[in-house]
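Hi everyone, thanks for having me. I'd like to walk you through a structure today, so please have a look at the screen and stop me whenever you like.

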Amino acid sequence: PLFRSGENAAARIVQLSKKNRELTAELEREKLTILQLKRKVRELEVIKKESVVIEKPDESENEKLKKELIQAQARAKELRSQCQQSKRDLKTCQAVRETIGSRARIKIGRILKD
């Protein structure tokens, strides 16, 4: 048996739902960061192209932003993976709840308020 009672299953469903919401919100923040960094890289590339200064341009900031972009993309990928796993766990818990739902009384409203 995956869970001992319907209440345990409901609690796990609530827990996974919260985790899924948190991961989704974090993923959206990372996506926004990626967009901002991409925009900044483009702006710097335009500035670099428009620059008529003969001196060698300072590329350290551009490289730094590219590294941050790569890190943000990796973090977003990790968060997507965690989110997918949470969704799979949630589906499993909901299936268990449906299976034992007719045999156990579950007060989800009370659990959600906690």
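**A walk through the chain**

Let's start from the outside: the chain has an accessible surface of about 8900 Å², and carbon and sulfur atoms hold 51% of that. Please keep in mind as we go that this is a predicted model.

Now, what is the chain built from? Its secondary structure consists of three helices and zero strands. Reading from the N terminus, you get the order α-α-α. The chain has 114 residues, and 26% of them are buried.

Here is something to look for when you turn the model around. Take the contacts in the chain with a separation of 6 or more: 83% of them are between residues 24 or more positions apart.

Next, the pair of helices α1 and α2. Helix α1 covers residues 6-50, while helix α2 covers residues 60-100. Their axes lie 7 Å apart, and the helices pack at an angle of about 160°. Why do we call α1 roughly antiparallel to α2? Because an angle over 145 degrees counts as roughly antiparallel, and the angle here is about 160°. As for handedness, the crossing of α1 past α2 is left-handed. And which kinds of residues make up this contact? There are 19 nonpolar, 10 polar and 15 charged residues in the contact of α1 with α2.

Let's zoom in on two residues, one from each helix. My pick from helix α1 is Asn20. Is Asn20 buried or exposed? Asn20 has a relative accessible area of 13%, so it counts as buried, the cut-off for buried being under 20%. Which residues does Asn20 touch, once we leave aside its neighbours within four places in sequence? Asn20 is in contact with Cys83, Ser86 and Lys87.

From helix α2, I've chosen Lys66. Its relative accessibility is 32%, so Lys66 is classed as partly exposed; that class sits between the 20% limit for buried and the 50% limit for exposed. Not counting residues up to four places away in sequence, Lys66 touches Val41 and Glu45. You can also find Leu37 on the screen: Lys66 and Leu37 are 29 residues apart in sequence, yet from C-alpha to C-alpha they are 7.8 Å apart in space.

So, if you take one picture home, let it be this one: α1 and α2 packed roughly antiparallel, with a left-handed crossing. Thanks for listening, and I'm happy to go back to any part of it.

How values were computed
Residues are numbered from 1 along each chain as its sequence is written. This is a predicted model: local features need pLDDT of at least 70, side-chain atom pairs count only at pLDDT 80 or more; totals for chains, interfaces and linings use all residues. Side-chain values use heavy atoms; hydrogens and water are left out. Axes are lines fitted to C-alpha atoms, for helices over the stretch in contact, and angles run from 0 to 180 degrees between N-to-C directions. Helices (H or I, at least four residues) and strands (E, at least two) are DSSP runs, numbered from the N terminus. Angles under 35 degrees count as roughly parallel, over 145 as roughly antiparallel, 65 to 115 as roughly perpendicular and the rest as oblique. A crossing is left-handed if the near helix is turned anticlockwise from the far one by less than a right angle, and right-handed if clockwise. Ala, Val, Leu, Ile, Met, Phe, Trp, Tyr, Cys and Pro count as nonpolar, Asp, Glu, Lys and Arg as charged, and the others, Gly among them, as polar. Buried means under 20% relative accessible area, exposed over 50%, partly exposed in between (1.4 Å probe, protein chains only). Contact means heavy atoms within 4.5 Å. Accessible areas come from the Shrake-Rupley method with a 1.4 Å probe; for residues, only the protein chains shown count as cover.
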